[in-house]
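These notes are meant to be read alongside the structure, one point at a time. Please keep the sequence at hand while you go through them.

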Amino acid sequence: MEKKRNVYLDYSATTPVKEEVLQEMLPYFTEKFGNPSSLYTVGQESKNAIAQARERLAALIGAESREIFFTSSGTEADNWAVIETAMAKRANGAKHVITSKIEHHALLHSAEYLGKEGFDVTYLSVDGDGFIDLDELESSIRHDTALISIMYANNEIGTIEPVAKIAEIAKKRNVVFHTDAVQALGNVHIDVKELGVDLLSISAHKIYGPKGIGALYIRRGVALPPHMHGGAQENNKRAGTENLTGIVGFGKAAELARENLVTHIERVTELRNYFLDHVKERISDIRINGSLESRLPGNINITFKYIEGEALLLLLDMEGIAVSTGSACSSASLTPSHVLEAIGVPVEQIHGSIRFTIGDFTTREDIDYTLDALEKAVAKLRSISSMSKESGW
Ligand SMILES: *Cc1c(COP(=O)(O)O)cnc(C)c1O
């Protein structure tokens, strides 16, 4: 038996902070601690560091730096974009928003909140690969639609939505378009100008930056009211003393993501395909969830029939392997994944589904070790399972 390793395969839940990112952040905790709003030198140094981070983020997504607004998280960026757009448009009679059934909870729960506030919410369905239907989108737009919000790439099954086409439809119908690009950032070439999106949410801790810092891209010309009130930070749009170290770390992570994008995509895609090819060979009765054509490089989502995903997760954990049974937020609850439900996976099979996400520190050896452990664990669980082919599961 090979010696036990620690294998982290949950990069979609969060990523470790890269050493270069940490080094760039450290001085801003101690000697460079000034408040960016202060006029003396140490304050101005902080202000300059924030300006540099803003430029690095803008460069990563093809924006202008004045279109980047820092927030506390991807969740806050989603809430701000969706709720404030809808509320502002309500004054002009808008009372409808459009989103999809497979959004992250940061978006879904914001949409539910708007529903309680009196908005009609259309939740677009998706096909078996997780794609929304562009005709259904277009026909669901009403004269009083305030906003369309469709995620760029799904965090559970990795499917990448046709964002440029969605933006085109939204523009033609004069509706604001927001996209949650938290999973896409650093994994897909993003150019907000080419795409034509109005609002786009991102987060640092999914791209090897620190937790607790995100940003919202607000296209110049889009009037989004602030949702935090106080000081003049973030061009009067998002009050509160800046998370200086977080912003510096996010900026460095963005710079690295831009420099490494092509090699990252190549390397991670190759490891993912290696995993997929071998898992199909070695384990029977599985189903690969999500699109194989338009997919995040590191995402693998597999239904193992006749077993409980939670049990499999725990057996893998005993071998030092970290995976997920769904999005991190819902993994503590036993409600079946709304994403797998939306793509038509039968409920009993949803419970046997595992997400493996590969990242920059994953090696071929990690994958081989995982495949061995997985094959053993699946065989063990199936041998004791009451859910069998015979019993109809
Ligand atoms: C992680 C994630 C979020 C939330 O971002 P936080 O910075 O963790 O709040 C939102 N949307 C998607 C798709 C995510 O994967």
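1. A nitrogen atom of the ligand lies 2.6 Å from an N or O atom in the side chain of D180, which fits the definition of a polar contact, a pair of N or O atoms within 3.5 Å. This is a predicted model, in which local features need pLDDT of at least 70 and side-chain atom pairs count only at pLDDT 80 or more, while totals for chains, interfaces and linings use all residues. Residues are numbered from 1 along each chain as its sequence is written, and side-chain values use heavy atoms, with hydrogens and water left out.

2. Two further side chains approach oxygen atoms of the ligand: an N or O atom of T75 is 2.6 Å from one ligand oxygen, and for Q183 the distance from a ligand oxygen to an N or O atom of the side chain is 2.6 Å. Taken alone the ligand exposes 380 Å², of which the protein buries 89%, with accessible areas coming from the Shrake-Rupley method with a 1.4 Å probe.

3. Which residues come nearest to the ligand? Of the 13 residues around the ligand, they are T75, D180, Q183, S203 and K206, where being near requires a heavy atom within 4 Å. The shell divides into two nonpolar, eight polar and three charged residues, with Asp, Glu, Lys and Arg counted as charged and Gly among the polar ones. Helix α3 (residues 74-90) supplies the largest share of this shell, three residues; helices here are DSSP runs (H or I) of at least four residues and strands are runs (E) of at least two.

4. Seven strands form an open sheet of mixed pairing, in the order β2-β8-β7-β6-β5-β3-β4, where two strands pair if DSSP finds at least two bridges between them. At the edges are β2 (68-71) and β4 (120-124), each pairing on one side only. Within this sheet, β3 (residues 96-100) and β5 (residues 145-149) pair in the parallel sense over three bridges, and the bridge partner of V97 in β5 is L147.

5. Helix α6 (residues 163-172) lies across β5 and β6 (176-180), running at about 160° to β6; contact means heavy atoms within 4.5 Å, and angles run from 0 to 180 degrees between N-to-C directions of axes fitted to C-alpha atoms.

6. Three strands form another open sheet, antiparallel, in the order β9-β10-β12. Because β9 (286-288) and β12 (353-357) each have a single partner strand, one side of each is left without a neighbour in the sheet.

Terms used. A polar contact is a pair of N or O atoms within 3.5 Å; within protein, one must be able to donate a hydrogen and the other to accept it, and residues adjacent in sequence count only if both atoms are side-chain atoms.
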